[in-house]
Amino acid sequence: MKRMPSKGRVKKTRKVVQQKFAKMKKMISVSDPRIKEKLRAPPKKKKPEDPNEIKVKEVPQQSSALFFEYNEQLGPPYHVIVDTNFVNFSIKNKLDIVQNMLECLYAKCIPYITDCVLGELEKLGQKYKLALKIIKDPRFERLPCMHKGTYADDCIVHRVQQHKCYIVATNDKDLKRRIRKIPGVPIMYVSQHRYTIERLPDAYGAPKK
């Protein structure tokens, strides 16, 4: 024989159902189509656009150092921010970074390493021991980072947006794509066992058309 549920249990279940139903009622919007038309709130009407009204668009202010696409702040000695990828490509192609930068631009170059690039190489372990040794050379200048984390790409992009005096040295396709969106910032990269530069047409290492 099956036991019939007691009256106390039935009352409890009814209360739970009623509470759930009350919550559902509260959740339903006033303009919900399930509510009767008399009780339903009218839909909010959008204000018609005034054709005579002047529309204001916020455009990011460009650096005063730019003359059209040409960056007037760039000149010898060149300041070059080097990323992890560029260091590794230079090692694979057996290229001395400072010497080949000089041969590419025919001028003195100061390579810069950010704290986050150094942090990335330290995280990569023993395989990149030579890369760490190279960037700790006294000819490399250090750029301190105030941000959290070690994601170097965001840091480099932010720096070149703020200061237009840098060239970015990278072989990373994603970083190159992001830098190309910023006017007046040249990109140095390894190509055919030598350094090449784009967006600096007067440079010796620039690709010839």
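The following legends describe close-up views of a predicted model.

**Figure 1. Salt bridges across the whole structure.** A search of the entire structure identifies six salt bridges. Among the residues involved, Asp96, Asp137 and Arg139 are joined to one another in a network of salt bridges. Individual pairs are presented in the legends that follow.

**Figure 2. The salt bridge between Asp115 and Arg142.** In this pair, the closest N and O atoms are 2.7 Å apart. Asp115 belongs to helix α4 (residues 115–123), whereas Arg142 belongs to strand β5 (residues 141–143), so the salt bridge ties together parts of the chain that are 27 residues apart in sequence. Asp115 has a relative accessible area of 27% and is therefore partly exposed. Arg142, with a relative accessibility of 47%, also counts as partly exposed, because this class covers values from 20% to 50%.

**Figure 3. The salt bridge between Arg178 and Asp154.** The closest N and O atoms of Arg178 and Asp154 are 2.8 Å apart. This pair links distant parts of the chain, since Arg178 is located in helix α7 (residues 173–180) and Asp154 in helix α6 (residues 152–162), 24 residues apart. Arg178 is partly exposed, its relative accessible area being 23%. Asp154 has a relative accessibility of 40% and counts as partly exposed.

**Figure 4. The salt bridge between Glu198 and Arg180.** Here the closest N and O atoms are 2.8 Å apart. Glu198 is part of strand β8 (residues 194–198) and Arg180 is part of helix α7, so this salt bridge ties together parts that are 18 residues apart in sequence. Is Glu198 buried or exposed? Glu198 is buried, because its relative accessible area is 16%, and a residue is called buried when this value is under 20%. Its partner Arg180, by contrast, is partly exposed, with a relative accessible area of 41%.

**Figure 5. The surroundings of Asn100.** Asn100 is situated in helix α3, which covers residues 97–105. With a relative accessibility of 13%, Asn100 counts as buried. Which residues does Asn100 touch, when those up to four places away in sequence are not counted? Under that condition, Asn100 is in contact with Leu95 and Tyr195.

Conventions:
Residues are numbered from 1 along each chain as its sequence is written. This is a predicted model: local features need pLDDT of at least 70, side-chain atom pairs count only at pLDDT 80 or more; totals for chains, interfaces and linings use all residues. Side-chain values use heavy atoms; hydrogens and water are left out. Helices (H or I, at least four residues) and strands (E, at least two) are DSSP runs, numbered from the N terminus. Buried means under 20% relative accessible area, exposed over 50%, partly exposed in between (1.4 Å probe, protein chains only). Contact means heavy atoms within 4.5 Å. A salt bridge is a side-chain nitrogen of Lys or Arg within 4 Å of a carboxyl oxygen of Asp or Glu.
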